[in-house]
2 protein chains.
Amino acid sequence: MRLSVEQRRTALAHAALTVIARDGLAAATTRAIVAEAGMALASFHYAYESRVELLRDVIRLVLEGERDAVGALLDLPEADFATLIRGGLGAYVGNLREAPGREQGMLELTFHSLREPALEGMALEQYAHYRALVTGLLLAAAERCGMRWLQPVEQLARFVVTCTDGLTVAWLVDHDDAAIEPQLDLIAAALLTQAQPTGEHP
Amino acid sequence: MRLSVEQRRTALAHAALTVIARDGLAAATTRAIVAEAGMALASFHYAYESRVELLRDVIRLVLEGERDAVGALLDLPEADFATLIRGGLGAYVGNLREAPGREQGMLELTFHSLREPALEGMALEQYAHYRALVTGLLLAAAERCGMRWLQPVEQLARFVVTCTDGLTVAWLVDHDDAAIEPQLDLIAAALLTQAQPTGEHP
DNA sequence: GTCTATAATGAGATAGAC
DNA sequence: GTCTATCTCATTATAGAC
């Protein structure tokens, strides 16, 4: 069948993400990727200039997917503020447990971006995106519950991303579910100290 | 000059660590490592069975170095508890700023260990070591100030390692020194809520 | 547009002279 | 023990037939 360059690029980026999540970035050679996509090796270079050009698209692909996933979350359930915050953190861990290879793959891509000149700026873009998403969630949660944040939300979002990154590494290393819980409690408590009722919803 | 196998292994592990910190794990080929060590390629395989066998030694080398470095820290200065905790976190960030490539390299090694069957268990060993070191520091700080921890110190140590990992990723991505500070404050505050005076030092 | 075949390079590992 | 030279394999990328 005949595919447009755009279709081929999309298919390859998806295949690459699959391979990266399953086998790691180092194993995501062009050969492994085209095998996953069911294409001939030459088709890769017809669609992409080089492997790093594909990796840029992989990162952007994931960021788009996350925006959609978080967008669906913005319709927050009825719950008290503490439950909402703690539940949000728990939801991230749930996602991590469901797709650990994917989270590890994204961190591998981040580190690779930091070493590879051709990917300069991609890690920054990635993390600016993460923080923007969390900022949106923190604002939505506060509004939902008539609370306001006591320091710039961007700072708190950065703290949340820091914590989720750390939790990701820890869980990937030992898969210790029980050990995650008290950490989530500590993080949630730290966030709660940075919020107070607006007074508009008495 | 003639070197014993042991001397050669040590020299190669040190050279490997240098290359990994400077250029990344992916660039730490056997060729790059022997070049750094000023050896011939064949000498590598005289000392080591394979590349992964060397990587095991690299991880162990770093862990030993950290034990020594932390050992020197255990003689804690006279200071109030909050200052000590906050200062300890700040010290880690200082180390990160001084040797960012090294910290990135260690995370790359961790992820590589998780993907490479021949390195199975190394990541666990690495993180058990990190947590043990932090546990020692937390206990020493509490004792120094007549405080006791309100939950198992191992849990708190795990939380600290989680946070430092997250901070490492964040700082490696954007090198934003200013943005680190409020996060350290949040983390330190979270820890302080988990300690109280023993009453033995009133 | 798609494929097979192949170039060009760099990797880990080894043989064998000294 | 140490070296040069080489093997073998996997990689990215390209040429050129269809």
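Trainee: Where is T168(A) found, and what makes T168(A) count as buried?

Mentor: In this predicted model, T168(A) is found in helix α8 of chain A, residues 153-174. Buried means under 20% relative accessible area. T168(A) has 0% relative accessibility, so T168(A) counts as buried.

Trainee: What makes the pair T168(A) and Y92(A) a polar contact?

Mentor: The cut-off for such a pair of N or O atoms is 3.5 Å. The side chains of T168(A) and Y92(A) make their polar contact at 2.6 Å. The side chain of T168(A) also reaches the backbone oxygen of T164(A), at 2.6 Å.

Trainee: Which residues is T168(A) in contact with, leaving aside neighbours within four places in sequence?

Mentor: They are Y92(A), L96(A), E103(A) and L107(A).

Trainee: D174(A) lies in helix α8 of chain A as well. Why is D174(A) called buried?

Mentor: The limit is again under 20%. The relative accessible area of D174(A) is 18%, so D174(A) is buried.

Trainee: What does D174(A) touch, not counting residues up to four places away in sequence?

Mentor: D174(A) touches L124(B), R131(B) and R158(B). With R158(B) there is a polar contact between side chains, at 2.8 Å.

Trainee: How do you know what relation chain B has to chain A?

Mentor: Chain B superposes on chain A by a rotation of 180 degrees, with a shift of 0.0 Å along the axis and an RMSD of 0.0 Å. That is the relation of a two-fold axis. The same surface serves both copies, since 100% of the contact residues of chain B recur in chain A.

Trainee: Which residue of chain B comes closest to the rotation axis?

Mentor: G166(B) does, with its C-alpha at 2.1 Å.

Trainee: Which residues of helix α2 of chain B are buried, and how do you know on which side of α2(B) they lie?

Mentor: In α2(B), residues 30-37, the buried ones are T30(B), I33(B) and V34(B). They cover an arc of only 95 degrees around the axis, and therefore lie on the same side of α2(B). An α-helix has 3.6 residues a turn, so residues three or four places apart point the same way.

Trainee: What covers the buried residues of α2(B), and what does the face turned away from the buried side carry?

Mentor: The cover includes α1 (5-23), α3 and α4 (51-73) of chain B. The face turned away carries the exposed residues R31(B) and A35(B). After α2(B) comes G38(B), with a positive phi near 70 degrees.

Trainee: Which residues come nearest to DNA strand D?

Mentor: Of the 16 residues around the strand, T30(A), R31(A), R2(B), L3(B) and R8(B) come nearest. By class, this surface has 7 nonpolar, 5 polar and 4 charged residues.

Trainee: What makes T30(A) a polar contact of DNA strand D?

Mentor: The limit is 3.5 Å. An N or O atom in the side chain of T30(A) is 2.6 Å from a phosphate oxygen of the strand. A polar side-chain atom of S43(B) lies 3.2 Å from a phosphate oxygen. For R2(B), an N or O atom of the side chain is 3.4 Å from a sugar or linking oxygen.

Trainee: Which elements give two or more residues to the surface near DNA strand D?

Mentor: They are α2 (30-37) and α3 (41-47) of chain A, and α3 (41-47) of chain B. Of the strand atoms within 4 Å of the protein, 59% belong to sugar or phosphate, and the rest to bases.

Methods: Residues numbered from 1 in each chain as written. Chains lettered and ligands numbered in written order. Predicted model: local features only at pLDDT ≥ 70, side-chain atom pairs only at ≥ 80, totals over all residues. Heavy atoms only, no water. Near = heavy atom within 4 Å. Polar contact = N/O pair within 3.5 Å; in protein donor to acceptor, adjacent residues only side chain to side chain. Helix = DSSP H or I, 4+ residues; strand = E, 2+ residues; numbered from the N terminus. Nonpolar A, V, L, I, M, F, W, Y, C, P; charged D, E, K, R; others polar. Buried < 20%, exposed > 50% of the residue type's maximum accessible area, 1.4 Å probe, protein only. Contact = heavy atoms within 4.5 Å. Arc of directions from axis to C-beta. Least-squares fit on C-alpha atoms with pLDDT ≥ 70 in both.
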